[in-house]
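Here is a chain to work through by question and answer. Take a look at the fold, then follow the reasoning.

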Amino acid sequence: AVVSTQSTGEQPEVMKLQSQLIQCQQELNESRKDVIELQKRFIEKKEENLCKVESTVQEIQSYSTVLQSAVKECTSVMAPAKIRAAMSVVWENRSCNLLLHGLSEEEEEDLKGAVREVLGSLSPPEAPVMEEVCRVGRKTEGKHRPVRISLRSRETVSRILARKTTLRDSSEFSRVYLAPDMSVEEREVRGKLVVELKERREREKEKQFCIRRGLVVETESFSSNVQP
């Protein structure tokens, strides 16, 4: 009888726990529904943003196409004149320069003094006013960088270049030579001409050749315009 009484007394507590469990399950289901709803909204928002991004990209591409077309049109009209003007300035600056190759490079050197000695060894000697004298190119161990000499006029440069071969008779500077200051493209063209000159001299030893006006030509008197 006592056991039966205890069981009867526990029933309300069990029912209460069952009710609480059912309520928790319902709340959990509601939470799951909320999570699912939030996920749906997130996916919809993401798709919406993606559509906006795609639309923006298409607009940018369209604008870019129009802009490129406008740039090409402007370039075709304006660029050649500007390029010619810029190249004219560059050429004007380079035309007053000389490059001196083969001059030994020291850690502490009087570069202007060394250049004066070289130009003074020409025949007849030269002593021009030098606006600037500097080494050009990256310093490499065991190699002597060329020296760029900036003078005041193209006439002085031309006069010195006309006498450059007389350095071969100098006991001190026979391995030093002068050349015009050229761009990378011009140097590549010049290099090919030098190779062609050497090949023709080797192939046709009975003839004499030189580089003149961008061509390797046969000359009557042996007076080469290039330092091989």
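Q: Which residue in β3 is the bridge partner of N97?
A: This is a predicted model. N97 lies in strand β1. Four bridges join β1 (residues 97-101) to β3, and the two strands run antiparallel. Across that pairing, the β3 partner of N97 is S150.

Q: What distance does the polar contact between the side chains of N97 and S150 have?
A: N97 and S150 are bridge partners. Their side chains are also joined by a polar contact. Its length is 3.0 Å.

Q: Is N97 buried or exposed?
A: Beyond four places in sequence, N97 is in contact with R148, I149, S150, V157, P180 and D181. Its relative accessibility is 9%. The cut-off for burial is under 20%, so N97 counts as buried.

Q: Which residue of β3 does C134 stand opposite?
A: Strand β2 covers residues 130-135. It pairs with β3 in the antiparallel sense, over five bridges. In β3, the residue opposite C134 is R148.

Q: Why is strand β3 largely enclosed by the rest of the structure?
A: β3 spans residues 147-151. It pairs with β1 over four bridges and with β2 over five. β3 is largely enclosed because, of its five residues, the number buried is four.

Q: Which residues does I149 touch, not counting those up to four places away in sequence?
A: I149 is one of the residues that touch the most other members of the largest nonpolar core. N97 is in contact with I149. The full list for I149 is C96, N97, L98, L100, V115, M130, E132, V133 and L178.

Q: Which element gives the most residues to the largest nonpolar core?
A: The core has 19 residues, and L100, V115, V147, I149 and L178 touch the most other members. The elements that give two or more residues to this core are β1, α2, β2, β3 and α3. The top contributor, with four residues, is α2.

Q: Which residues are among the six in another core, apart from the largest one?
A: The largest nonpolar core holds 19 residues. Another core, of six residues, lies apart from it. Its members include L193, V194, L197 and V216.

Q: Which elements do the buried residues of α2 pack against?
A: Helix α2 covers residues 111-120. Its buried residues are L111, G113, V115, V118 and L119. They pack against β1, β2, β3, α3 (154-162) and β4 (177-180).

Q: How far apart in space are A114 and L103, C-alpha to C-alpha?
A: A114 is found in helix α2. With a relative accessibility of 22%, A114 counts as partly exposed. A114 and L103 are eleven residues apart in sequence. Their C-alpha separation is 8.3 Å.

Q: Which residues does T156 touch, leaving out those up to four places away in sequence?
A: T156 lies in helix α3. Its relative accessibility is 13%, so T156 counts as buried. Its contacts are P128 and L151.

Q: Is G137 buried or exposed?
A: G137 is found in the loop between β2 and β3. G137 and V147 are ten residues apart in sequence, and 9.2 Å apart C-alpha to C-alpha. With a relative accessible area of 57%, G137 is exposed.

Q: In what order do the elements run from the N terminus on?
A: The chain has four helices and six strands. Read from the N terminus, their order is α-β-α-β-β-α-β-α-β-β.

Q: What share of the residues in the chain is buried?
A: The chain exposes about 17,400 Å², and carbon and sulfur atoms supply 53% of that area. The chain has 228 residues. The buried share is 22%.

Q: Over which residues does pLDDT stay under 50?
A: The chain averages a pLDDT of 79, and 80% of the residues score at least 70. One stretch under 50 has zero contacts beyond four places in sequence. Another has one such contact. Where pLDDT is low, the predicted coordinates should not be read in detail. The two stretches are residues 1-6 and residues 86-91.

Technical notes: Residues numbered from 1 in each chain as written. Heavy atoms only, no water. Buried < 20%, exposed > 50% of the residue type's maximum accessible area, 1.4 Å probe, protein only. Pairing = 2+ DSSP bridges. Contact = heavy atoms within 4.5 Å. Polar contact = N/O pair within 3.5 Å; in protein donor to acceptor, adjacent residues only side chain to side chain. pLDDT = per-residue confidence, 0-100. Core = buried A, V, L, I, M, F, W, Y, C linked by side-chain atoms within 4.5 Å. Areas by Shrake-Rupley, 256 points an atom, 1.4 Å probe, with all protein chains shown as cover.
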